[in-house]
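Notebook open, viewer open. I want to go through this one step by step and jot down what I look up.

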Amino acid sequence: MKTNEEEFLCFVASVLGVDRSGLSLATAFGAIPEWDSVMHLRLVMEIQEKYGVDIPIERVPEVKTLGDFLEFVA
């Protein structure tokens, strides 16, 4: 299943509680105050649940941008 980039960014914005216009696939961990280490783990869990994907715990530190997350979804 190919996920629409815009839909994905809107979903992430809702999880982070930020405006979609401030996000892109290049947005990186720590780039906005709302995306801290706790929210990073929440994003992993929310994305896994919504898209039915598995992000192995050992790979989580490698996921640094929203584009990295989208690779697991796409």
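Before anything else, my cut-offs for cover: a residue is buried under 20% relative accessible area, exposed over 50%, and partly exposed in between. I also note that this is a predicted model.

**Entry 1: F29**

I started with F29, which sits in the loop between helix 1 and helix 2. Is F29 buried, exposed or partly exposed? Its relative accessible area is 41%, so F29 goes down as partly exposed. I then listed what F29 touches, skipping residues up to four places away in sequence: W35, D36, S37, H40 and K64. I also checked F29 against L66: they are 37 residues apart along the chain, and their C-alpha atoms are separated by 8.2 Å.

**Entry 2: the whole chain**

I stepped back to the fold. I count three helices and zero strands in the protein chain, and reading along the sequence I get α-α-α. The radius of gyration comes out at 11 Å, close to the 11 Å from the globule rule for 74 residues, so the chain is as compact as a globular protein of that length. For the box, I have the C-alpha trace spanning about 25 × 25 × 20 Å along its principal axes.

Next I looked at cover and contacts. Buried residues make up 39% of the 74 residues. The chain exposes about 4,400 Å², and carbon and sulfur atoms supply 56% of that. How much of the contact list joins residues at least 24 apart? Taking contacts between residues at least 6 apart in sequence, I get 48%.

I did charges too. There are 6 positive and 13 negative charges, and their mean positions are 2 Å apart.

**Entry 3: H40**

H40 came up in the F29 list, so I went there next. H40 lies in helix 2, which runs over residues 37-51. Its relative accessibility is 8%, so I file H40 as buried. What does the side chain of H40 make a polar contact with? I find the side chain of W35, at 3.1 Å. Leaving aside neighbours within four places in sequence, H40 is in contact with F29, W35, V60, V63 and F69.

**Entry 4: helix 3**

F69 is one of the H40 contacts, and F69 is among the buried residues of helix 3, so I checked that helix as a whole. Helix 3 covers residues 66-73 and is mostly covered, with six of its eight residues buried. I wrote down which ones: L66, G67, F69, L70, F72 and V73. Where do the buried residues of helix 3 pack? They pack against helix 1 (5-16) and helix 2.

**Entry 5: T27**

Back to the loop between helix 1 and helix 2, where T27 lies. Buried or exposed? T27 has 9% relative accessibility, which is under the 20% cut-off, so it counts as buried. Not counting residues up to four places away in sequence, T27 touches G22, W35, K64, T65 and L66. I note that W35 is on the H40 list as well, and that L66 is one of the buried residues of helix 3.

I also found a side-chain-to-backbone pair here: a polar atom of the T27 side chain lies 2.8 Å from the backbone nitrogen of S24. Against S14, T27 is 13 residues away in sequence and 15 Å away in space, C-alpha to C-alpha.

**Entry 6: V18 and D19**

Two more from that loop. V18 is found there, and so is D19.

V18 has a relative accessible area of 21%, so I call it partly exposed. Beyond four places in sequence, V18 touches A13, L23, I32 and E34. I compared V18 with V63, one of the residues in contact with H40: V18 and V63 are 45 residues apart in sequence and 20 Å apart in space, C-alpha to C-alpha.

D19 has 53% relative accessibility, so it counts as exposed. Which side chain does the side chain of D19 make a polar contact with? I get S21, at 2.2 Å. Last check for today: the C-alpha atoms of D19 and L9, 10 residues apart along the chain, are separated by 9.9 Å.

Technical notes: Residues are numbered from 1 along each chain as its sequence is written. This is a predicted model: local features need pLDDT of at least 70, side-chain atom pairs count only at pLDDT 80 or more; totals for chains, interfaces and linings use all residues. Side-chain values use heavy atoms; hydrogens and water are left out. Helices (H or I, at least four residues) and strands (E, at least two) are DSSP runs, numbered from the N terminus. The radius of gyration is taken over C-alpha atoms; the globule rule is 2.2 Å times the number of residues to the power 0.38. Buried means under 20% relative accessible area, exposed over 50%, partly exposed in between (1.4 Å probe, protein chains only). Contact means heavy atoms within 4.5 Å. Accessible areas come from the Shrake-Rupley method with a 1.4 Å probe; for residues, only the protein chains shown count as cover. Lys and Arg count as positive and Asp and Glu as negative; His and the chain ends are not counted. The place of a charge is taken as NZ of Lys, CZ of Arg, CG of Asp or CD of Glu. A polar contact is a pair of N or O atoms within 3.5 Å; within protein, one must be able to donate a hydrogen and the other to accept it, and residues adjacent in sequence count only if both atoms are side-chain atoms.
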